[in-house]
Amino acid sequence: MPAFRQVGEKQLPQEVVFMAWSPKRDLIALANRAGEVLLHRLANFQRVWSLPPNENTGKEVTTLAWRPDGKILAFGLTDTKRIILCDVEKPESLHSFSVDSSITYMHWMEVTEESSVLTSFYNAEDESNLLLPKLPALPKNYSTTAKIFSEEKSDEIMKLLGDARLNALVLGGSCGFIEIYAYGMFKIATVTGVAGSCRGLCLSSDLKSLSVITEIRDSSDSEAEITYFQLDTSLLSSYLPEVTRMARKFTHISTLLQYIKLSLTCMCEAWEEILMQMDSRLTKFVQEKNTTTSVQDEFMQLLLWGKASLELQALLMNQLTVKGLKKLGQSIESSYSSIQKLVISHLQSGSEALLYHLSELKGMALWKQKYESLGLDASGIEEAITAVGSFILKANELLQVIDSSMKNFKAFFRWLYVAMLRMSEDHVLPELNKVMTQKDITFVADFLTEHFNEAPELYNRKGKYFNVERVGQYLKDEDDDLVSPPNTEGNQWFNFLKNTTHLKESPLLFPHYPEKSLHFVKRQMEGIIDQCLLKPADVIGKSVHQAFCMSLYKTSQSEDSTPQLFKLPFLWNDKTSNIHYVLFTMLEDSISKIYILRRHTDTSRSVSNGILAVEFGNFLSNSIHESSDSRCYSCLDAHFYDDETVTVVLKESMEQEGKERVLAQLPLSSVYTDEDQDRELIWDSARRLDEQSGEIPTCTVILENQWRVLENMKAQYVSVNGIRKVSCVLSSNLRHVRVFEMDVEDDGEAEEEEEEETTQTAAGEPDELNQSADNQDNVCGASAEELPDETEERESSLDP
């Protein structure tokens, strides 16, 4: 009976370029050639959601990685050079950042080291929650946030923080590009000195060592040389508590910056283009009127004498209209109120929390004994604190402008509304028809004096003569100065600062940028905070050095069409014994053997460093396949299932038509003996490893029961998850997948049902599912038949 239970099978409409199992749930993420990211569940390979490509993020997905808690999925895009962090619950970006290279591989690991210092930090992680008020949930009635947030809650942005235990996203790209991001957000190391394009990465769970596989190519038409590097990252390990605290603070800061960015985006949505109507109407009036009287004088005459010129009457009654004025007034009040609430509840709260975390970070930087070696710079953080203070000042300035504008517009529209009703000889309600007091007249007159002056230089800049609406200029994402900066004449504090020279340069006072917009000050703040992030990454990156390098083999030209991410070698870190494993295959006498290279994560130790070759003898019974006993199998793909087992896809070395591929589990205990554990790798560094393959000891393995024939499938690649005990096999045409539960207890009924299902599948499907050229119609037909199920799949819940 088969050793593994098949639980799903599907023909996919697009070729798959990468797949990755969730570490915590029965979910698998796929990326295809069309640029889609798809999430499927184990049961029947049911689709949960899909994220189509778009111009904002990118269209060419090259790699995927799960955060160790399974709540965030990261993927890299080579066309836009961006990394996207996506919530597993909904296919929308929570956070994204740009990198300097096209990403070819990523690895997300979690630190397993324990210490009393770390334990106390993990327990005290919520300290800031006791001192800071909880950030209000972002409103989900705006298009920007509605895309991100689910119906039940709108605080998903805080999921970016994750658990307090340190985890790191390691990125590898072309031209030796390697960067490490703590918690997937804060760059803690920029690694240099590695040649070639990255094919694999693995940072050890004790942070002592980083293993890298690169592809070095002299020219575009030459064969690529596959090389293994082991880098010493002992600085991260030595300062693990400090790195964790520093990274956690910067992750809080990055999350708050994203929160502020979304809050500001909501404010921009709350501001409507209708608010510019008054400016455009008045500008048109100036261009069309025949009199020399200014617009300001025209309105002043209406205010003082209650009479308007014929041209002003035409403007008010025909273009603006009573109904239009009422709608404009309501729009202004609604829009300004929404923006005001967002500034007070979200922008200020987020900025104050940002100020708190930066101040704590500054205190850490001043503890030089602990943090100076990591490149934490107090002066850079002080500049960031100052920048946040300037942003808070600008937000307060916007609040004052909103408050002033709401009062001005309310009085102005009330007066103008009554004046227009009288012009049209409509009935004026008694509550509106009361006599204006001298104070009311003065208030409207001041508003007309300040806002209704014609400005030819403004027309040259913005194509309008007036800037009656003063709030929108703060929300424009542009470098131009404000059209109408706030009037500070007569302000006692400004006069005091102007006349007190020693206070003007005081570090205790935040600089004020009266000519700049809120967006400009926010971008300036983000730039300064990014700058103070750079130094630790540079310092830690320079401490990383090469401990070991081995040229493995050269690739054949026939491999170039294979998706980059399915190519071996494969890296694995054994967290228990702190050993890096490298799995790769090399062809010898028409047989692809698996080679297992072991390196201890402590680069100063030579123990457990060695290499073995594994070949597979005949283990299929003659009742299934008629063949000689000397049959051997070539390895097509291999991945570590857990620390003790390797999952492999095999094919007969003398493959003929009708011969099947095999999915098997290889226990390391059948490969390594006590003698092998102490064997040191002795090799000639002047030659590649494939030139010395005859000197590598070979172990021939005969598998007993942990294997399964993959009938009617030209299997080529496998992705496994030992925690959830599942695997996904992909065919050579990259469209046909089968999903298996790997550790299945003997269950006669279940196996009978499965055998019956397999028989029906084999009878009902084409004889050869894997030749894409011959089966294009079948693939399209299968995908079309699956369409009715797609709606149900999208609505599937994500409960484990």
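## Pocket, Arg33 and cysteines

The largest pocket is lined by 47 residues, and those lying nearest its centre are R82, S96, F97, Q258 and K261. The structure is a predicted model, and the volume computed for this largest pocket is about 1,500 Å³. Its lining divides into 21 nonpolar residues, 16 polar residues and 10 charged residues.

A second topic is R33, whose place is in the loop between β3 (27–32) and β4 (37–41). With a relative accessibility of 46%, R33 counts as partly exposed, because that class covers values from 20% to 50%. The side chain of R33 is joined to the side chain of E15 by a polar contact of 2.4 Å. R33 can also be placed relative to V61: the two are 28 residues apart in sequence, while their C-alpha atoms are 7.8 Å apart in space.

The last topic is the cysteines. How many disulfides does the count give? The count comes to zero disulfides. C266, for its part, is in no disulfide, the nearest cysteine sulfur being that of C268, 9.2 Å away; a disulfide requires a pair of cysteine sulfur atoms within 2.5 Å. Is C266 buried or exposed? C266 is buried, with a relative accessible area of 0%, whereas C175 is exposed, with a relative accessible area of 75%.

The accessibility values given above are set out here by residue.

| Residue | Relative accessibility | Class |
|---|---|---|
| R33 | 46% | partly exposed |
| C175 | 75% | exposed |
| C266 | 0% | buried |

Conventions. Residues are numbered from 1 along each chain as its sequence is written. This is a predicted model: local features need pLDDT of at least 70, side-chain atom pairs count only at pLDDT 80 or more; totals for chains, interfaces and linings use all residues. Side-chain values use heavy atoms; hydrogens and water are left out. Buried means under 20% relative accessible area, exposed over 50%, partly exposed in between (1.4 Å probe, protein chains only). Helices (H or I, at least four residues) and strands (E, at least two) are DSSP runs, numbered from the N terminus. A polar contact is a pair of N or O atoms within 3.5 Å; within protein, one must be able to donate a hydrogen and the other to accept it, and residues adjacent in sequence count only if both atoms are side-chain atoms. On a 1 Å grid over the protein atoms alone, a cavity is a set of points where a 1.4 Å probe fits but cannot get out, and a pocket is an open set with protein on both sides within 12 Å along at least five of seven lines; lining residues have an atom within 4 Å of a point. Grid points are joined across faces, edges and corners, and a volume is the space filled by probe spheres set on the points. Ala, Val, Leu, Ile, Met, Phe, Trp, Tyr, Cys and Pro count as nonpolar, Asp, Glu, Lys and Arg as charged, and the others, Gly among them, as polar.
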